[in-house]
Amino acid sequence: MTRSRLTAIVRACATLALVACQVDGASGLLTVYGDPLLDMSLGPASNAAFPSIANQRITAAAARDTIEFTVNNLPPVGIANAYQIALTDSATGNTVAAISRIIRTVRSRRPVTRDSSVIVATVDTTIGAQFYVLDTATTIAIRIAHANIPNYTHVLLRTGGEGAIPFLLGAATRTAFLSFRYKSGTAFAVQSAVLGTWAMASAGRVPFSAAATVVDASFWGESVRIDLRNLTRPPAGFRYAVWLVDDRTGTVARLGGLIAPLPNSRSLDDADVGSAPWYTTTMIPEARVRADMRALGVVPQDFTTLAVVIEPYGGYAPPSRPGTGVVLSAAMPSSVASRSASPGKIVGTVTSTSGRNVANTTVYLRGINMTIPSQVTTAAATGAWQFASVPTGVFKAYAIPVGDVAPRDSATVTVSAKSVNGKLAGDSVFVTLRIP
Amino acid sequence: MRRLNVLVIGLLLAAPALGAQPATARTAVGVRLGELVFAQATALKPTPFIGLEAAWQLPWSPARRRADAPSFGIGVSLDVSRPRTDGAQFPLAAVDRGDTTYLYAMAQRVTLVQSGVQAQIGVPLAGARVIGYAGGGWYAMLLGSRASGGSRRLIHPMASFGLAVDDPLTRTLSARVQFGGTTYVQFNRSALDATRSLPEEQRIRDAAPAPAPAPRTPTNLQYSVMLRFTPGGV
């Protein structure tokens, strides 16, 4: 072998070595790891309304055999769950289910003209020691008529998740989410109601306050990740849950509850009265929410708000809707909301059953799960009307003729999304409302 | 890096000049190309390397100075490579842009120099020579200044061992296939972390896969093909 051949081989090796020792480009060492985190501003909700008792009173008659009070802002319960009414004696623990007259009022709203609205109340009355609530806009008036009222000291409201009402409470037993005292010693005096877990010993009572420190709240790919600290333990029979809510249509989706901090991932659904290393007497020092939206079939841009609420547990399934007990809420991150389709349009006409155009009819639009109208308009002389900007979703359109106060026809309208020039846009839908 | 390349090329180009030495000198020089496959926990990705070796071969017995006799030798070697770290084995970097936080796995390219001295024992086998070797030396890592905030060098001992098959191509040239391992001592994986100059991600640690435990003495594999030149012939 000649020296020139050897030199050629060595030079080839040197060239290969230089290729192997390549220098990276300016960004060659950065690798994007998964999806970006889309942050939410999770904080106290301005419109939160927690369960409360008002107008409580006991009869002034010598018999002291009637207690009346009104309960507001009770969250809906799940299937086969109910709220329970009980009387208890804080000295002995003796407890009894309080058979009561229960008047339930559900309010909704509808516009009569374009500029005004009417509150519509549906009232029903039952007798029993328990009741259920399916709608957030429900007020419960309760009248307990019981000859043994003087033998007890407190009214307790419980949830079916705590089980049947016991005959005797232990000194350390914690129960009930709403309570008020009406008898102290031999004196009858109704006191303020307290939201929070009740116990015979005042040291065992845990008043509820809606407060938490948000460490992190974000969407990450298909998952929702929330890290929280210093939550108050929920009232007995309640737990924390996270919901997505579409304020435009009323559509909701439950993402799940709290789980324990790492390395444990146990459910904290028992945080009301349970005992575990991750609870203190009154607090949950650290908790997480991890939800896989793909597994839940949830499309986040279809919603406008994320809410951490307290909800009653028990029954066969979680409630179908969140209540107004919102501890924390956040608007969808703009980077998520921007994925939703641009608004569509609903146009229509109002005719009589004979086909004649009807003018000046009040037409209003309501999300399929809403009790409050989202848009109102008045039909023109030709009977034509339109809502020019309607988000995608399912709505119901109602028609109230001139001079009337109730809708005479309605139609369910679905505004779908379609692809226009590569972008999602709401569809245009035509609806005919017919008035008798 | 440029100076290092110049040094390596200089050494390689100087190798043919060794052919001028007396034919009785039993010195061999070689240049090799191969791949370093690091233990996963080192957070270094496999990389090609180039190396030089000089060896002084001795027969078992001076009376048996023959090509087919067992041999004993001392070799010195110098290997250079530019491995890249595995960013997934370090904390992620988080960069905020409005309501969006981008996550990055940060890697850096390291200049790795392995030098050592090995004892080599060779036995003839079917016209070739099977060689076992073992020795020690040093490994040096030169970290990227952009990632580590300044020029940093880590120099620690290492042990090397392996097997090779040497096949003569001509009287003066042979090809050697080598397979062996190097064990790094006092290895410090965290020193390779390129994330330190950026905000460290704290939010998805429970979702990111945990890195393999970092050993202090990882053993890496390497294989190579060497072209050896023995001035004066075997």
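Here are two worked exercises on chain A of a predicted model.

Local features need pLDDT of at least 70 and side-chain atom pairs pLDDT 80 or more, while totals for chains, interfaces and linings use all residues. Residues count from 1 along each chain as its sequence is written, and chains are lettered from A, with ligands numbered from 1, in the order in which they are written.

**Exercise 1.** Work out which strands stand at the edges of the five-strand sheet in chain A.

Step 1: Get the terms straight. Strands are DSSP runs of E, at least two residues, numbered from the N terminus; two of them pair if DSSP finds at least two bridges between them.

Step 2: Write down the order. It's an open sheet, E3-E4-E10-E7-E8, with antiparallel pairing.

Step 3: Look at the ends. E3 (52-58) and E8 (117-128) each have a single partner strand, so one side of each lacks a neighbour in the sheet.

Step 4: Check a pair. E7 (residues 100-111) and E8(A) run antiparallel, joined over twelve bridges; A:Ile102, for one, has A:Thr126 in E8(A) as its bridge partner.

**Exercise 2.** Describe how domain 1 of chain A touches domain 3 of chain A.

Step 1: Set the bounds, which come from an automatic or database domain assignment: domain 1 is 52-205, domain 2 is 213-335 and domain 3 is 344-435.

Step 2: Place the two domains. The C-alpha centres of domains 1 and 3 of chain A are 41 Å apart.

Step 3: Count the contact (C-beta atoms, placed from the backbone, within 7 Å). Domain 1 gives nine residues and domain 3 eleven residues.

Step 4: Find the main contributor. On the domain 1 side, E7(A) supplies the largest share, four residues.

Definitions and conventions:
Contact = placed C-beta atoms within 7 Å.
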